[in-house]
Amino acid sequence: DASSRPGRRLAGTRRAMAPRADKMRCHYDVLQVDRGATEVELKKAYRKLALEWHPDKNQSRLDEAEERFKEIRAAYETLSDANERAWYDSHREAILKAGKHAGGGEDARPEDEINLMPYFTAAAFRGFGDDEGSFYGVFGTLFAALDAQEQHASLAAGKESFKMAPSLGDSGAAWEPVRAFYAHWALFATLKTFAWADEYNLAEASNRKVRRLMEEENKKLRRAEAREFNDAVRQLIQFVRKRDKRWVKHQAEQAGRDKAKAAAAERKRAASKSARAEAARTYQEADWAKQDEEPKWLRDEVEAAQAATAAKEAAKEDLYCPVCKKKFKSQKQWENHEQSKQHRAAVVKLTEEMMADEDLVRAAMEEEAAAALEDELQGLDVEGEEETR
């Protein structure tokens, strides 16, 4: 038997008892609203019923009033939270029917399989003391039983090491164990196989192909049950944490500390801003900065530096060869370039081009002058003929 292996200590074997199903009513029926009720309608219905059934106004039927008032408040807490309402809507039938199995039928679920659905209601516990039926008694027993099942599943899977879950503790538990408990279950992933969800008996397969198809279908059903179980446990831990007075108290205290830190930081910023403003108001210029005129030696040095800078810039402009279209960083580079064959060849070529251009210009000018002279002579001939006539 896997549970008898040495070196393993299992959690307490006290079985988690589901709350009585006859105490559970639909939250929408409790608040007397439709399932599509808006937030405004829910709040209005809650206020009306809470006033009607408040124990202080029903001293003649105090026990009934306390029970109804608790039921009304629990219904509103669930439906006013968008996440819890969505979970409740998708599992409403299972919760009201104490969680019948949807795949293999109600009888397919083993007797030791813990049904979580009845715990999604404030009717699952009574008060926040440390007795067996209180919040810490009921949910402490439940999660201890869940952890025991996971340890058995770990042994069955051949895993010799399995970290036991922290205990929920009692109403006076310190914060660190409380934090460790919720951190553990928030990341819950079951190790159980859910073999009871199988729909087909592989021994009845007529051939290998049918057996393979049966096996695949059974695996799908097992995965679906495991996914549903993981979601249920994670949702339940959120349900419990939201109602745990220790968690609520710590969150309120932490919010107060955060608010105090923010206020202290704001005061520090305001004080620093005020100090800077005061320093600016009382600032006095140093004596050396109050001189109206700079000393002569300083002006001379500044002028010399400016002149040197201007000379360097001018030198940079002079070190440019317009023939080769190149710039040079130093006088030495410029002189070496002037003596190079490449530069001389470029100068000769440019000179020839300029002379050719000059010859063309001169020829054009001569042709233009000859044409003008010819026009002028023709004009004189015409005038002479007219005088002879």
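## Worked exercises on a predicted model

Asp198 has a relative accessible area of 25% and is therefore partly exposed, a class that lies between buried (under 20% relative accessible area) and exposed (over 50%), judged with a 1.4 Å probe and protein chains only. The model is predicted, so local features need a pLDDT of at least 70 and side-chain atom pairs count only at pLDDT 80 or more, while totals for chains, interfaces and linings use all residues. Residues are numbered from 1 along each chain as its sequence is written, and side-chain values use heavy atoms, with hydrogens and water left out.

**Exercise 1.** Describe the salt bridge between Asp198 and Arg222, and then the network of salt bridges that share partners.

*Solution.* Begin with the criterion: a salt bridge is a side-chain nitrogen of Lys or Arg within 4 Å of a carboxyl oxygen of Asp or Glu. The side chains of Asp198 and Arg222 meet this way, at 2.8 Å from N to O. Next, place the partners: Asp198 is in the loop between H6 and H7 and Arg222 is in helix H7, so that the pair links distant parts of the chain, 24 residues apart; helices here are DSSP runs of H or I with at least four residues, numbered from the N terminus. Arg222, at 29% relative accessible area, is partly exposed. Finally, Glu77, Asp81, Glu84, Lys242 and Arg243 are joined into one network by salt bridges that share partners. The count by this rule comes to twelve salt bridges.

**Exercise 2.** Locate the partners of the Lys242 and Asp81 salt bridge, and decide how accessible each of them is.

*Solution.* The two side chains meet at 3.2 Å, N to O. Lys242 belongs to helix H7 (residues 208–243), whereas Asp81 lies in the loop between H3 and helix H4 (82–96), and the two are 161 residues apart. Lys242 counts as partly exposed because its relative accessibility is 36%, and Asp81, with 23%, is partly exposed as well.

**Exercise 3.** Is the salt-bridged pair Glu113 and Lys192 buried or exposed, and which parts does the pair tie together?

*Solution.* The closest N and O atoms of Glu113 and Lys192 are 3.0 Å apart. Glu113 sits in the loop between H4 and helix H5 (135–156), and Lys192 in the loop between helix H6 (175–186) and H7, so the pair ties together parts 79 residues apart in sequence. Both Glu113 and Lys192 are buried.

**Exercise 4.** Work out how the axes of H2 and H3 are arranged.

*Solution.* The axes of helix H2 (residues 39–52) and helix H3 (residues 62–79) come within 10 Å and cross at roughly 165 degrees, where axes are lines fitted to C-alpha atoms over the stretch in contact and angles run from 0 to 180 degrees between N-to-C directions. H2 and H3 are therefore roughly antiparallel, the word used for angles over 145 degrees.

**Exercise 5.** Compare the settings of Gln32 and Phe194, each a residue other than glycine with a positive phi.

*Solution.* Gln32 has a phi of about 60 degrees, and the phi of Phe194 is near 60 degrees. Gln32 is placed in the loop between helix H1 (27–31) and H2, while Phe194 lies in the loop between H6 and H7. At 56% relative accessibility Gln32 counts as exposed, whereas Phe194, at 3%, counts as buried.

How values were computed: Parallel < 35°, antiparallel > 145°, perpendicular 65-115°, else oblique.
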